[in-house]
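Visitor: Please take one helix of this structure and go through it closely. I would like to know what surrounds it as well.

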Amino acid sequence: MKLQVAIDLLTTEAALELAGKVARYVDIIELGTSLIKCEGLAVITAVKEAHPDKIVFADMKTMDAGGLEADLAFSAGADLVTVLGAADDSTIAGAVKAAKARNKGVVVDLIGVADKVARAKEVWGLGASFVEMTGGLDEQRAPGFDLDALVRAGVASGVPFSVAGGVKPRTIDAVQQAGADVAVVGAAIHAAPNPTEVAKDLRSAIMWRPAA
């Protein structure tokens with residue numbers, strides 16, 4: 001399972017600082033939607049140039065003009081982009097077409113989608129690299145938020161998936177045991193007093209396997 005850090009900060013300087021602290025322990029560096037809105041596509045270029053060996057994930061959350069927005073992000077240095085699962089199939093297909101032309105990938109984010117299992121199967125058929133079972137920040141603050149529900153949806157979908165929303169050192173094992181392809185960790189890393197140690201602990205948790 002890959003480890004993805006979600007950098008939900010608001011400046012390029014802060015993003016580069018955090019990425020520098022955790023890059024050795026993560027596989028994918030995600031640039032959050034708000035960060036890209038604040039800093040523009042230039043933040044994608046800056047992070048990719050600083051960490052050319054890492055997969056750079058631009059969380060564009062595209063809802064329309066899939067091909068255009070994906071191509072803009074890929075041109076800036078992104079390796080993966082997100083399109084919302086609530087978008088029209090043609091939007092997702094357009095992004096996938098742009099990705100294939102550049103040997104890149106599209107992740108379909110199922111944030112806000114009621115039937116995540118059914119939609120995951122549909123977008124996998126459209127060419128998504130994997131789907132992201134996401135619990136958004138607002139959703140996580142609401143009573144009754146359940147990380148396990150995201151994990152169960154991923155398993156039930158039968159397609160490659162990531163889990164984002166409340167993943168931390170004490171919950172990452174459940175994500176791994178469920179067979180997720182990627183665990184996405186945001187606040188547990190970037191809000192920690194020592195992000196490097198948290199990223200190291202998460203990497204250790206992923207690498208560790210219990211005896212049979």
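Guide: What follows is a look at helix H4 and its surroundings. Keep in mind that this is a predicted model.

Start with the setting. Eight strands, in the order E1-E2-E3-E4-E5-E6-E7-E8, form a closed barrel with parallel pairing. On average, neighbouring strands of this sheet are turned by 25° against each other, direction ignored. The barrel includes the pairing of strand E1 (residues 2–7) with strand E8 (residues 182–185), which is parallel and has four bridges. Within that pairing, Val5 has Val185 of E8 as its bridge partner.

Now the helix. H4 covers residues 66–76, and its residues Gly66, Ala70, Ala73, Phe74 and Ala76 are buried. These residues lie on the same side of H4, because the arc they cover around the axis is only 160°. An α-helix has 3.6 residues a turn, so residues three or four places apart point the same way.

What do the buried residues of H4 pack against? Three of the partners are strands of the barrel: E3 (55–62), E4 (80–84) and E5. The others are helix H3 (42–50) and helix H5 (89–102). Just after H4 comes Gly77, with a positive phi of about 120°.

Two of these partners lead further. Helix H3 holds Ala46, which touches Thr12 and Leu16, leaving aside residues up to four places away in sequence. Ala46 and Glu13 are 33 residues apart along the chain, and their C-alpha atoms are separated by 9.5 Å. Strand E5 (105–109), for its part, has helix H6 (residues 116–125) lying across it and across strand E6 (130–134). H6 runs at about 160° to E6.

Technical notes
Residues numbered from 1 in each chain as written. Predicted model: local features only at pLDDT ≥ 70, side-chain atom pairs only at ≥ 80, totals over all residues. Heavy atoms only, no water. Pairing = 2+ DSSP bridges. Helix = DSSP H or I, 4+ residues; strand = E, 2+ residues; numbered from the N terminus. Axes fitted to C-alpha atoms, helices over the stretch in contact; angles between N-to-C directions. Contact = heavy atoms within 4.5 Å. Buried < 20%, exposed > 50% of the residue type's maximum accessible area, 1.4 Å probe, protein only. Arc of directions from axis to C-beta.
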